[in-house]
Amino acid sequence: MNDSAAPHHRTVYAEDLRIGQTMALGSYTVSEEEILDFATQWDPQWFHTDKDAAESGVVGGLIGSGVHTLAICQKLVVASLYDQWNVIAGKSMRDIRFLRPLRPGDTLTGELTVDNVVLDNRSRGLVTTTAQLVDSHGNRMFEVVTDAYLHCRQTP
């Protein structure tokens, strides 16, 4: 059985999270091949798919899609946190900010901060978080605010 099929221990409930709590998300390094493959499939703009044309373009080289950066952030959040959280479903993503272009060889490191937790009378909580990615030089690359419903440990 591969690791992705293994059951996860979902031990974090909405009421366990505290406003202002910050958690590390781990790191991910993106290759040129991955940038080209992702863009070819999902965002085939020339500055994502044509290395030679991108070299002479305004950004001075191949850059990854913003959607790819968002996907990397989601992967880090799930692997680091959501696999332990009792997530019901996502509600929204907003205030997505692409602060620097994603380049081949970039290593992105993430951090997530709990902005708000609102418990309701349906045994769930709406958890608002902000995730941020920085590159290996500490430059802010990406931010996103997410609302997700989590189960509560206690019923009302």
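**A sheet, a helix and a cavity**

Mentor: Helix α4 gives the most to the lining of the largest cavity, with five residues. Keep in mind that this is a predicted model, where local features need pLDDT of at least 70, side-chain atom pairs count only at pLDDT 80 or more, and totals for chains, interfaces and linings use all residues. Residues are numbered from 1 along each chain as its sequence is written, and side-chain values use heavy atoms, with hydrogens and water left out.

Trainee: What makes α4 a helix here?

Mentor: Helices are DSSP runs of H or I, at least four residues, and strands are runs of E, at least two, numbered from the N terminus. α4 covers residues 66–82, so it qualifies under that rule.

Trainee: How do you know that there is a cavity?

Mentor: On a 1 Å grid over the protein atoms alone, a cavity is a set of points where a 1.4 Å probe fits but cannot get out; lining residues have an atom within 4 Å of a point. The search of the whole structure turns up one of 30 Å³ or more. The largest holds about 60 Å³, volume being the space filled by probe spheres set on the points, joined across faces, edges and corners.

Trainee: Which residues line the largest cavity?

Mentor: Among them are Leu 70, Val 77, Leu 112 and Ala 131. Leu 112 also has Ala 131 in β4 as its bridge partner.

Trainee: Why do β3 and β4 count as paired?

Mentor: Pairing takes at least two DSSP bridges. β3 and β4 have ten and run antiparallel, so they count as a pair.

Terms used: Contact = heavy atoms within 4.5 Å. Axes fitted to C-alpha atoms, helices over the stretch in contact; angles between N-to-C directions. 1 Å grid on protein atoms, 1.4 Å probe; cavity = no way out; pocket = protein on both sides within 12 Å on 5 of 7 lines; lining within 4 Å.
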